[in-house]
Amino acid sequence: MVRDLFWCHPDAVKLCNVCHLVFLIDSTYKTNRYKLLLLDFVGVTPTRMTFSVGFAYLEGECVNNLVRALEQFRGLFLRNNCLPIVIVIDRDLALMNALKIVFPECTNLLCRFHIDKNVKAKCKSLIGQKNVWECNG
């Protein structure tokens, strides 16, 4: 029985090894037919264009499943001196812990979108005027 599945296109492997500095990793939970976690790996080129590196369907969102997917991602890099420098993620604690195991030398940053979302939520709770924080554009 297949429990975790990682896949990528061969051209993505080539691009991944050329543009290896910054990657974004994000996940969606139970939004597909099989109610599996979908982990999306995205690279960033020096011209700020993005490209899909690979995807992983995971049976669960525990650290072990994420470590296996990250190890597969790490295996795409042909040289150890060409590993990612920065990986941007949301505040998924299991993913943060898995990254410490598989990419201990990498700098992990939180996604700006999620930081802004958390700041707004905290400010709303402190100020209490919800309509002040709603944006129309």
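**View 1. The open sheet of six strands in the predicted model.** The strands of this open sheet follow the order β1-β4-β3-β2-β5-β6, and their pairing is mixed. Strands β1 (5–7) and β6 (107–110) stand at the edges with a single partner strand each, so one side of each is left without a neighbour in the sheet. From one strand to the next, the twist averages 20 degrees.

**View 2. The pairing of strands β2 and β5.** Strand β2 comprises residues 22–28, and strand β5 comprises residues 86–89. The two strands run parallel and are joined by three bridges. Within this pairing, Leu24 is found opposite Val88 of β5.

**View 3. Strands β5 and β6 and the crossover between them.** Strands β5 and β6 also run parallel, with four bridges joining them. Val86 has Thr107 in β6 as its bridge partner. Between these strands the chain passes through α3, forming a β-α-β crossover that is right-handed.

**View 4. Helix α3 against the sheet.** Helix α3 is formed by residues 93–102 and lies across three strands, namely β2, β5 and β6. Relative to β5, the helix runs at about 165 degrees.

**View 5. The crossing of helices α2 and α3.** Helix α2 spans residues 63–74, and its axis comes within 9 Å of the axis of α3. The two axes cross at roughly 45 degrees. An angle that is neither under 35 degrees, nor over 145, nor 65 to 115 counts as oblique, and α2 is therefore oblique to α3. The crossing of the two helices is right-handed.

**View 6. Residues in the contact of α2 with α3.** Helix α2 contributes Val63, Leu66, Val67, Leu70, Glu71 and Arg74 to this contact. These residues meet Ala94, Leu95, Asn97, Ala98, Leu99, Ile101 and Val102 of α3. Sorted by class, the contact of α2 with α3 contains 10 nonpolar residues, one polar residue and two charged residues.

**View 7. The setting of the close-up views within the whole protein.** The protein contains five helices and six strands. Along the sequence, these elements follow the pattern β-α-β-β-β-α-β-α-β-α-α. The C-alpha trace of the protein spans about 50 × 40 × 25 Å along its principal axes.

Technical notes:
Residues numbered from 1 in each chain as written. Predicted model: local features only at pLDDT ≥ 70, side-chain atom pairs only at ≥ 80, totals over all residues. Heavy atoms only, no water. Pairing = 2+ DSSP bridges. Axes fitted to C-alpha atoms, helices over the stretch in contact; angles between N-to-C directions. Contact = heavy atoms within 4.5 Å. Left-handed = near helix turned anticlockwise from the far one by under 90°. Nonpolar A, V, L, I, M, F, W, Y, C, P; charged D, E, K, R; others polar. Right-handed = clockwise from strand over helix to strand, strands pointing away.
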